Amino acid sequence: MASSWCWNCLSRLRPTPRALLPPSATPRISSAPFHSTAVHYAQPAKKKGNSLTVMKHRQSTSLRRKKKKVADRGGRPPAVGERKALRKRIVLSNPNALEIEGMLDLSPETMVDSRLRGTVLGLPVPMIDQLRAVQAFKPKQGWSIFRRPGTVLRRDTIEMGRLFQQLSGEGDDAQKGKVVKRIVTGMKGSGKTVHLLQAMAMGFLKKWAVITIPDARELVSGETAYAAIEGSNPLQYVQPTATSALLTRTVDANRELLASLKVSQKHPALKMLKPSSTLEDLAKLGFSDPAVSWRVFQALWTELTATAPAAGLEKDFQPRPPMLVAVDGLAHWMTESAYRSAEFKPIHAHDLAFVHHFLSLLKEGDSLKNGGLLLYATSSSNNPNPKALSIALDRLAARQAGISASSPEYPRPPAYSDADPRVLDLLQPAEKAVSPVELQTLGGLTRDEARGFMEYFARSGLLREIINDQWVSEKWSLSGGGIIGELEKFGRRVRATASASK
Amino acid sequence: MCFCRKVQASNYGKTLTLTEDFSRGSTRATSDGPYDCQNTSQPTQFKMKSLETFFGIGNNSSARLMSRFNIHPTCRVGELANKQVLDLTAVLSEMKIENDLRREVLNDIKRMKETGTYRGRRHALGLPVRGQRTRTQVGFLSSLS
């Protein structure tokens with residue numbers, strides 16, 4: 001085939017019409033002259049999209065990613081409640097930790113012994129089940145690293161031990177029948193919850209009736225059933241399931257005590273109660289039937305606070321012991337709850353009968369007729385932080401410091417702030433009366449106490465350091481002045497580095 | 001009302017079963033037989049979610065309904081007392097939900113089409129009704145109308 005170029009003038013000649021040319025043996029390359037593949041070997045061109053194809057709406061056309069297949073890890077999925085059980089599990093013993101020789105137990109004698117200040121006292125083994133029943137141990141506390149649970153005897157503990165002694169009517173300055181009402185506050189990690197645990201342990205040692213609310217939040221977070229009390233004004237609400245749980249806790253922990261006390265009052269609301277039954281039988285009525293649990297709780301409370309038997313029931317009456325009421329996470333009770341009224345308005349926590357009952361104990365007068373101790377702790381890790389409570393606590397501190405309510409230094413809510421008046425009134429004493437509630441602020445350990453605590457880590461085999469005054473002093477400063485939660489981290493952290501360097 | 005709802009406290013009186021009996025023809029193909037929502041309200045399911053399976057009840061209405069009968073937010077269907085179930089069903093039977101509501105919506109659209117309003121025309125054309133732009137991104141909107 002002749003070239004289509006004119007070699008004289010290098011211009012392109014007019015191509016011969018294809019129809020006139022004889023069919024050539026070699027295929028004519030019409031495009032892409034640099035391709036080495038012959039046209040008939042080339043793959044057939046793909047069909048272009050038909051313009052009549054309906055546009056697909058609601059489907060992205062720009063980016064299509066392949067979804068990654070989730071690798072099957074094998075095994076069965078966790079059963080219902082299994083993961084929660086694991087999360088809430090409380091381990092109180094570590095067989096790998098060393099046993100400390102000569103470790104003393106908490107007992108009526110040791111808990112007031114100021115010579116033992118700074119040492120760690122073990123919780124008596126038979127009592128651990130009781131403490132578990134009242135949920136004194138919390139899952140995130142570090143019980144699981146030691147051989148057996150123990151707590152430091154710090155200044156506040158000894159002072160509380162003496163208080164228990166007085167209120168039980170022992171010792172020199174016995175004050176049997178007195179009620180001490182305290183709100184425990186303090187920085188994060190200052191040991192408020194463990195302080196409550198120590199109080200419960202002392203209560204069990206002194207054979208008191210111990211009633212606890214381990215998490216105040218559970219009552220207001222809308223997780224348990226509630227029902228309005230007909231005819232109450234302002235309308236109050238009962239929480240039958242939560243009350244039932246409280247009765248279960250109380251009976252499990254105080255079984256021996258409740259089984260020894262007989263019913264001494266008349267309870268017309270509880271028809272099924274026999275006159276000769278014990279308080280344990282009474283409380284058990286509320287276990288199975290949440291519908292009557294609130295009435296059962298009220299009956300149990302009147303029994304425990306009774307000072308004299310009703311007419312006709314004098315037989316078998318024994319004087320009631322003092323009571324310890326411990327509440328953790330008080331701030332949750334100082335806001336509106338997650339429940340709503342029938343008109344869809346939020347229910348204030350103080351309108352829940354359960355909460356109201358325990359808060360009304362803080363008011364003036366002998367709320368516990370047989371004496372006892374009320375310990376209401378705030379929490380700093382789980383804190384809704386209601387403004388009104390912080391002002392009320394500031395006021396409490398100011399009154400303790402002797403600042404009068406008319407003084408300009410007396411804390412007041414900021415102007416236009418919506419501080420809850422119900423909360424402010426709760427802790428406000430009547431005119432010129434002495435405030436019935438004390439504020440106890442837990443601070444850090446002293447250096448000596450901190451040394452005792454760190455020695456406990458070392459003797460358990462967790463801390464590989466030579467513990468001398470200089471080292472303790474350094475850690476004491478680093479822990480914000482002996483905040484026990486921070487000190488515990490030092491004990492654990494060193495352990496982590498020691499195992500890594502192996 | 002063209003239907004009645006009954007509550008059957010099934011076996012152990014826990015599962016909420018709503019039966020709808022339509023006396024007239026309705027828009028739902030499945031409504032010839034009893035419409036059983038048992039599948040959607042398991043005893044272990046949160047009450048709030050079970051209520052929201054009804055067409056016409058969203059989170060606000062369900063929360064209001066529940067607070068009206070003192071049912072706590074994390075209540076499960078199995079935990080309800082018999083009386084609460086009865087009360088709840090009594091209220092539900094008076095509310096315009098499910099097929100009643102569906103029919104009302106369709107009737108409204110039909111009326112707009114018949115009277116020849118702008119909205120009716122837009123519905124008929126399958127184009128956005130509420131003044132949205134149609135130059136781009138019309139797919140989702142036209143699927144609604």
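**Helix crossings in chain A and the side of chain B that touches it**

Mentor: α6(A) passes α8(A) in a left-handed crossing. This is a predicted model, in which local features need pLDDT of at least 70 and side-chain atom pairs count only at pLDDT 80 or more, while totals for chains, interfaces and linings use all residues. Residues are numbered from 1 along each chain as its sequence is written, with chains lettered from A and ligands numbered from 1 in the order in which they are written.

Trainee: Why is the crossing of α6(A) and α8(A) called left-handed?

Mentor: The near helix is turned anticlockwise from the far one by less than a right angle; clockwise would be right-handed. Helix α8 of chain A covers residues 279-288, and its axis lies 8 Å from that of α6(A), at about 145°. Axes are lines fitted to C-alpha atoms, for helices over the stretch in contact, and angles run from 0 to 180 degrees between N-to-C directions.

Trainee: What makes the residues of α6(A) and α8(A) meet?

Mentor: Contact needs C-beta atoms, placed from the backbone, within 7 Å. Among the residues of α6(A) that qualify are A:Thr243 and A:Val251, and α8(A) offers A:Glu280 and A:Lys284, among others. By class, this contact has four nonpolar, five polar and two charged residues. Asp, Glu, Lys and Arg count as charged; Ala, Val, Leu, Ile, Met, Phe, Trp, Tyr, Cys and Pro as nonpolar; the others, Gly among them, as polar.

Trainee: Why are α6(A) and α9(A) called oblique?

Mentor: They pack at about 60°, axes 8 Å apart. Under 35 degrees is roughly parallel, 65 to 115 roughly perpendicular, over 145 roughly antiparallel, and the rest oblique. The pair is therefore oblique. α6(A) passes α9(A) in a left-handed crossing as well.

Trainee: Which residues of α6(A) and α9(A) meet?

Mentor: A:Leu246 and A:Leu247 in α6(A) are among them, as are A:Trp294 and A:Phe297 in α9(A). The classes are eight nonpolar, four polar and no charged.

Trainee: How many residues does the contact of chains A and B take?

Mentor: Chain B gives twelve residues and chain A gives 15. Helices α2 (59-68) and α6 (139-144) of chain B each supply at least two residues of chain B's side. That side has three nonpolar, six polar and three charged residues.

Trainee: What makes a residue of chain B buried, and how many are?

Mentor: Buried means 20 or more other C-beta atoms within 10 Å of its own; 12 or fewer is exposed, in between is partly exposed. Of the 145 residues in chain B, 14% are buried.

Note on methods:
Helix = DSSP H or I, 4+ residues; strand = E, 2+ residues; numbered from the N terminus. Contact = placed C-beta atoms within 7 Å.
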